Amino acid sequence: MNMKSYRKHYHLMLLPGVILLIIFHVIPMFGIVIAFQDFKIGRGIWNSEWIGLENFTYLFEIRDSGTIFFNTVFIALCKIAAHLIVPLVFALMLNEVRVMAVKRWVQTVVYLPHFISWVILAGIVIDMLSLNGVINQTLKSLGTQPIMFLASNTWFPAIVVGSDIWKEFGFAAIVYLAALAGINPALYEAAEMDGARRFQQLLYITLPGLATTVVLLATLSIGNILNAGFDQIFNLYNPLVYDSGDIIDTFVYRVGLVQAQYGLATAVSLLKSAIGFVLIVISYRLAYRYANYRIF
Amino acid sequence: MNKWTTRIMAASLTALAVLTSACGDGNQGAGNNGNKQPAPVVNDSGTKTETETIDPFRMPEPIEITTFKSVSAGAKLNAGDTVEDNQYTRYMKDKSNISFKILWHASGPDYDQKSKLAIASGDLPDMLLVDEPTFLSLAEADQIEDLSGVYEKYASPLTQELYASTNNKALDKATYQGKLMAIPNISVQADAASLLWVRKDWMDKLGLKPPASVDDIATIAKAFVQGDPDGNGKPDTIGLTGSDSALSAPGKAGHHNYKGLFMAYNAYPSNWIKDGSGNIVYGSILPETKEALGKLSELYAAGLIDKEFALRKDLNQPVIGGQAGMFFGPWWSAGLLADTMTNDPKADFEPYLIPDAKGEYNNLMVPVSNRFIVVKKGMKYPEAAVIYANTFIAAQRKTDPDALKLDFTVSSEYWPIGNATYDYADAVERKSDLLSKALSGEIKPEALNPEMKDMYDKAVADKANPKADLKLWRGYYGYTKPAELLKQPMNRAYSEFTATTKTMERKWENLQKLEKETFLKIIMGEEPLDSFDQFVTDWKAQGGDEITKEVQEEVGKLQGK
């Protein structure tokens, strides 16, 4: 067996992925043209009228565009920050637990929500936050007025970020735990010999050891900045919190699928994809420079 | 790592949903061209059948027809039955030789979304039930079959009689450029009225008088909220229910919407109506609507409306759970009441109509047709649509004796082609008259038609043993007290325009959102009532004026014709 036949196998293994990519990602690209059309049900791409950039200009005329863009970026930024910090702190704390059984148990319990869909989790969140839910019952017993969390523009972004963290932090911590396991134990032993206490070990060995992973995850998430989480927000929001909760994806859903304005929805999506593409390129460059991460 | 890959996937899937629709459409364009030929073939088969005798209720050969189906999540089905195979589909197959292949089914918004995508990508099934804007765009795009010929040939006498009862307005609605392009339904006008249903056992307990004005609603709601009518010692009762779609007054009265209250203010939000001088105007921006909203926000602020109405996923829950004392609903609310009584046999509801300040009753009527059976262009058996309608109508009106064997508590959503009424426009009043005459002995029960005889039997059986079997009770109750209420003289208003204009396609969603948000915020006290004026200004500036002009032109055109 020589090198060449090995390569052939590798290329064959690539085939299913490439076929899927072509069918579901490359061919549908053609549909982008309807962003420049007055697309009509039934007339189809061939017969719909061309209207140039009208969909895009209209997009900027809509009163909501600013709000939607702001909400998307704001919620995504909060989520990115929280997703970097919470799992990191959690992983560090878990790392200090010395009883293996407890550690395993905690880890399993916190990453379970990751596998539950937002349709179900949102139901749970809504129940907990309702006027008769657990949280308001607690507030009431403390003598405070109950709060309608899901109808409040002040609370809504916090709930979105908070519940997303609740769902994902356990799972995200796995990456950090793996990185922690990769730190050479000899360093800790040496530090102990030199008289470093637990906290000093954390500060001078653990954190620098994790730095690359943090930088890598942070830069990679930049490309994701326009994804604030469709399924989550769609299942949690209502018209009262459009001001603080409506994001690009939910807007596209309402305009494109509910209202059947496919042209406009495609224009929005295309714009989002274009910005996302630029951001991904930038973050990839950054990841390469600071964390030496590269795909090829 | 996993986090961002899933997110990217989610994002691309969303984009994909939009893009695939476009892509499929490309194929459609090609397919359409190829399909231009078969049209004469249909005519051929048409001339062939002319020599045979025509049976309006049966296809000569068994055929299979594809369709999509909307089935609401809670719709009840008998054990062992499925959406594809149930008593209605079996009945249809036995009677008419038509079996249906249901390509997929979904509920509510999921159905709307999925069917719109399928239609947009040219993926029409053989036969489909659609709403008016979809029907018009399909007709305009020349995607559906001309049914004029097959209607002429196959419509059964009863079918024709029902359409005639609308002065053929229903058929006019389904006519596009002089051709009958769909089989329209016939809405029962009684469905328009929104009644206030009040827990009578609670009123009695608290010694309250029945409501005769909007202010009485407030009084009763206050007593319900504060008087602990359910006697559990906890302040957990709700005065009036609501829903976030409650802030418009569409043609049909739905459970928990405020149509009944808007009517009491002569307000017609989200409808195109004629103002005093005969111009078409949009009801949501009129002062009457502001007044009604003001009242609603007052009720809400006083804690008399369900605080969480805009957040609830299951709106019936407060009623069924015995927490709510009042809700607005149609004459056919007996199903919801029966569910409540199953939980709490003491629950007793009474319907009321709420008059306006002058003591008159207003009612926004239902468009004569709002659902259309369309047949895909080039389908081999367009007559199947008429035969289906004939058979469906015969079963629903129970003129076919075999139909009496069907269990009509099974939701009519399980008929193979969707859920639409085909009945006399004044069917509820007619039947209620017949029922009361039969019960009082004025008409002999034997003289009743099978549908009425069935209802009469249920009423007699229930009266012998009241509410012991709620199935019997809900089968006739709507035709007694609620129907009587509808016979009072009412000022009838009509939606003058129910289709879409060019600017609407583009700007309507945005305006609807503006309207819904503003109304909700006003009611829930987040914005003062006077922000309504700002809403009117914004609405007009953001395309409302333009659309109003277009609607006036369109309506003018229709009247000119």
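**Exercise 1. Find how many residue pairs are in polar contact between chain B and chain A, then work out which parts of chain B do the touching.**

Step 1. Start with the count: between chain B and chain A there are six residue pairs in polar contact, both partners at pLDDT 80 or more. Keep in mind that you're working with a predicted model.

Step 2. Now look for the helices on chain B's side. Helix H1 (2-35), helix H4 (108-120), helix H5 (132-140) and helix H20 (502-523) of chain B each give at least two residues to the side that touches chain A.

Step 3. Pick out the main contributor. That's H1(B), with 17 residues, the largest share of this side.

Step 4. Sort the residues of this side by class: 20 are nonpolar, 11 polar and 19 charged.

**Exercise 2. Work out how much area chain B and chain A bury between them, and find a salt bridge across the interface.**

Step 1. Here's the idea to use: interface size is often given as the accessible area lost when the parts come together. For chain B and chain A, that comes to about 5300 Å², with 59% of it on carbon and sulfur atoms.

Step 2. Next, see who takes part: chain B brings 50 residues to the contact and chain A brings 61 residues.

Step 3. Go hunting for salt bridges, and the rule gives you four across this interface. One of them should be Asp243(A) with Lys521(B), since a salt bridge needs the nitrogen within 4 Å of the carboxyl oxygen, and here the closest N and O atoms are 2.5 Å apart.

**Exercise 3. Describe how H3(B) and H15(B) cross, and find what Lys95(B) pairs with.**

Step 1. Take the axes of helix H3 (residues 87-96) and helix H15 (residues 383-396) of chain B: they come within 10 Å and cross at roughly 115°. The crossing is right-handed.

Step 2. List some contact residues: Tyr91(B) and Lys95(B) are among those from H3(B), and Phe392(B) is one of those from H15(B).

Step 3. Follow Lys95(B) to its salt bridge with Asp400(B), where the closest N and O atoms are 3.3 Å apart. Asp400(B) sits in the loop between H15 and helix H16 (427-439), so the pair ties together parts 305 residues apart in sequence.

Definitions and conventions. Residues are numbered from 1 along each chain as its sequence is written. Chains are lettered from A and ligands numbered from 1 in the order in which they are written. This is a predicted model: local features need pLDDT of at least 70, side-chain atom pairs count only at pLDDT 80 or more; totals for chains, interfaces and linings use all residues. Side-chain values use heavy atoms; hydrogens and water are left out. Contact means heavy atoms within 4.5 Å. Buried area is the accessible area (1.4 Å probe) that two parts lose on being put together, summed over both. A salt bridge is a side-chain nitrogen of Lys or Arg within 4 Å of a carboxyl oxygen of Asp or Glu. A polar contact is a pair of N or O atoms within 3.5 Å; within protein, one must be able to donate a hydrogen and the other to accept it, and residues adjacent in sequence count only if both atoms are side-chain atoms. Helices (H or I, at least four residues) and strands (E, at least two) are DSSP runs, numbered from the N terminus. Ala, Val, Leu, Ile, Met, Phe, Trp, Tyr, Cys and Pro count as nonpolar, Asp, Glu, Lys and Arg as charged, and the others, Gly among them, as polar. Axes are lines fitted to C-alpha atoms, for helices over the stretch in contact, and angles run from 0 to 180 degrees between N-to-C directions. A crossing is left-handed if the near helix is turned anticlockwise from the far one by less than a right angle, and right-handed if clockwise.
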